Amino acid sequence: MNQDDYKKQAAQAALDYIKPSLTDDTVIGVGTGSTTNFFIDFLGGCKSWFRAAVASSDDTAHRLRAHGIDVIDLNSAGPVAFYVDGADESNQHLQLIKGGGAALTREKIIAAVADEFICIADDSKLVDLLGGFPLPIEVVPMARSYVARQLVKLGGDPVYRDGVITDNGNVILDVHNLRILDPVALERDINQITGVVCNGLFAKRPADYLILGSAGGLKTIKA
Ligand code: 5RP
């Protein structure tokens with residue numbers, strides 16, 4: 001078994017978890033990344049069990065449509081029963097770092113809307129302290145240098161993710177060397193820097209359920 005097998009385990013478990021609740025009206029939010037891609041592939045097998053999906057990125061929308069799943073605009077979706085997405089790190093409180101795939105803003109929006117946020121990952125993503133993975137920040141391009149200077153004042157080392165433009169037309173700064181002792185406070189403080197669109201800390205709205213694939217089988221944590 002390798003890391004992809006653990007991601008698949010978690011993705012299958014997420015589908016098994018939501019399946020009994022699916023109806024013709026259900027809208028499912030779908031995240032972005034390699035673990036979520038496994039979930040999308042499994043979801044394709046039961047596309048007639050729910051109404052539609054909302055996608056957190058253009059890549060995800062494309063993959064969902066390739067499976068014949070209807071992708072709708074969040075503004076006309078009504079309630080979103082579940083949001084299923086991966087993470088770059090999670091702590092025991094299900095506070096996350098996300099954005100390794102540069103989709104953090106749309107991910108955070110769907111997570112905010114969803115009734116239940118199910119995070120899927122391999123067990124290497126579970127950490128005691130967030131910040132080992134560089135924290136992604138989506139920034140309006142003209143504010144990049146200013147935002148970087150403010151992030152240095154907060155104790156981080158921002159690195160421009162060269163060549164990456166988000167689906168919203170912005171750029172990404174990855175902030176290294178943060179020891180994130182208070183994720184809620186840091187998420188709020190970074191959001192207050194002018195020019196920041198979104199940061200990859202999901203602490204104010206953490207996941208509700210974490211499903212981890214591992215060599216020893218599934219591990220789950222409920223908030
Ligand atoms: C994309 C994300 C992803 O969920 C995160 O990067 C994890 O990706 P993967 O499942 O490939 O490990 O936040 O913006």
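## Salt bridges, fold and buried contacts

Asp58 counts as partly exposed, at 44% relative accessibility. That value lies between the 20% limit for buried and the 50% limit for exposed, so the intermediate label applies. The model is predicted. Asp58 is a good place to enter it, through its charged partner.

Asp58 forms a salt bridge with Arg106. The closest N and O atoms of the two are 3.4 Å apart. This pair links distant parts of the chain. Arg106 sits in helix α4 (residues 104-113), Asp58 in helix α3 (residues 58-66), and 48 residues separate them. Arg106 is partly exposed too, with a relative accessible area of 26%. Side chains of opposite charge can pair when their charged atoms come close.

Step back to the whole chain. The protein chain has six helices and 13 strands. Its radius of gyration is 17 Å, close to the 17 Å that the globule rule gives for 223 residues, so the chain is as compact as a globular protein of that length. The C-alpha atoms fill a box of roughly 50 × 40 × 30 Å along the principal axes. Of the 223 residues, 53% are buried. Among contacts with a separation of 6 or more, 74% join residues 24 or more positions apart. The chain exposes about 9900 Å², and carbon and sulfur atoms supply 49% of that area.

Now the charges. There are 21 positive and 28 negative ones, and their mean positions are 2 Å apart. How many salt bridges does a search of the whole structure find? It finds 10.

One of them pairs Asp85 with Lys98. Their closest N and O atoms are 2.7 Å apart. Asp85 lies in strand β3 (residues 82-85), Lys98 in the loop between β5 (96-97) and α4, so the pair ties together parts that are 13 residues apart in sequence. Are these two residues buried or exposed? Both Asp85 and Lys98 are buried. The pairing also extends to a third residue: Asp85, Lys98 and Glu107 are linked in a network of salt bridges.

Another salt bridge joins Asp174 and Arg161, with the closest N and O atoms 2.8 Å apart. Asp174 belongs to strand β9 (residues 171-176), and Arg161 to the loop between β8 (157-160) and β9, so this bridge ties together parts 13 residues apart in sequence. Asp174 counts as buried at 11% relative accessibility. Arg161 counts as buried at 15%.

Turn next to the interior. Ile120 lies in strand β6 (residues 116-122). It is buried, with a relative accessible area of 0%. Which residues pack against Ile120, leaving aside neighbours within four places in sequence? Ile120 is in contact with Ala10, Ala11, Ala14, Thr35, Thr36, Phe39, Val84, Asp85, Gly86, Ala87 and Ile211. Asp85, of the salt-bridge network, is on that list. The C-alpha atoms of Ile120 and Gln12 are separated by 9.5 Å, though their positions lie 108 residues apart along the chain.

Phe50 gives a second view of the interior. Its place is in the loop between α2 (34-43) and β2 (52-55). Phe50 counts as buried, at 5% relative accessibility. Not counting residues up to four places away in sequence, it touches Leu22, Thr23, Asp24, Thr26, Ile28, Leu43 and Ile69. Phe50 and Ile110 are 60 residues apart in sequence, and 17 Å apart from C-alpha to C-alpha.

Helix α6 (residues 183-191) shows burial at the level of an element. Its buried residues are Pro183, Ala185, Leu186, Glu187 and Ile190. What covers them includes α4, β7 (135-139), α5 (144-153), β10 (196-199) and β11 (201-202). Helix α4, home to Arg106, is thus part of this cover.

Finally, the backbone. Most residues other than glycine have a negative phi. Ala102 is not a glycine, yet has a positive phi of about 70°. Its place is in the loop between β5 and α4. Ala102 is buried, with a relative accessible area of 12%. Asn177 likewise has a positive phi, of about 65°, without being a glycine. Asn177 lies in the loop between β9 and α6. At 56% relative accessibility, Asn177 counts as exposed.

Technical notes: Residues are numbered from 1 along each chain as its sequence is written. This is a predicted model: local features need pLDDT of at least 70, side-chain atom pairs count only at pLDDT 80 or more; totals for chains, interfaces and linings use all residues. Side-chain values use heavy atoms; hydrogens and water are left out. Helices (H or I, at least four residues) and strands (E, at least two) are DSSP runs, numbered from the N terminus. The radius of gyration is taken over C-alpha atoms; the globule rule is 2.2 Å times the number of residues to the power 0.38. Buried means under 20% relative accessible area, exposed over 50%, partly exposed in between (1.4 Å probe, protein chains only). Contact means heavy atoms within 4.5 Å. Accessible areas come from the Shrake-Rupley method with a 1.4 Å probe; for residues, only the protein chains shown count as cover. Lys and Arg count as positive and Asp and Glu as negative; His and the chain ends are not counted. The place of a charge is taken as NZ of Lys, CZ of Arg, CG of Asp or CD of Glu. A salt bridge is a side-chain nitrogen of Lys or Arg within 4 Å of a carboxyl oxygen of Asp or Glu.
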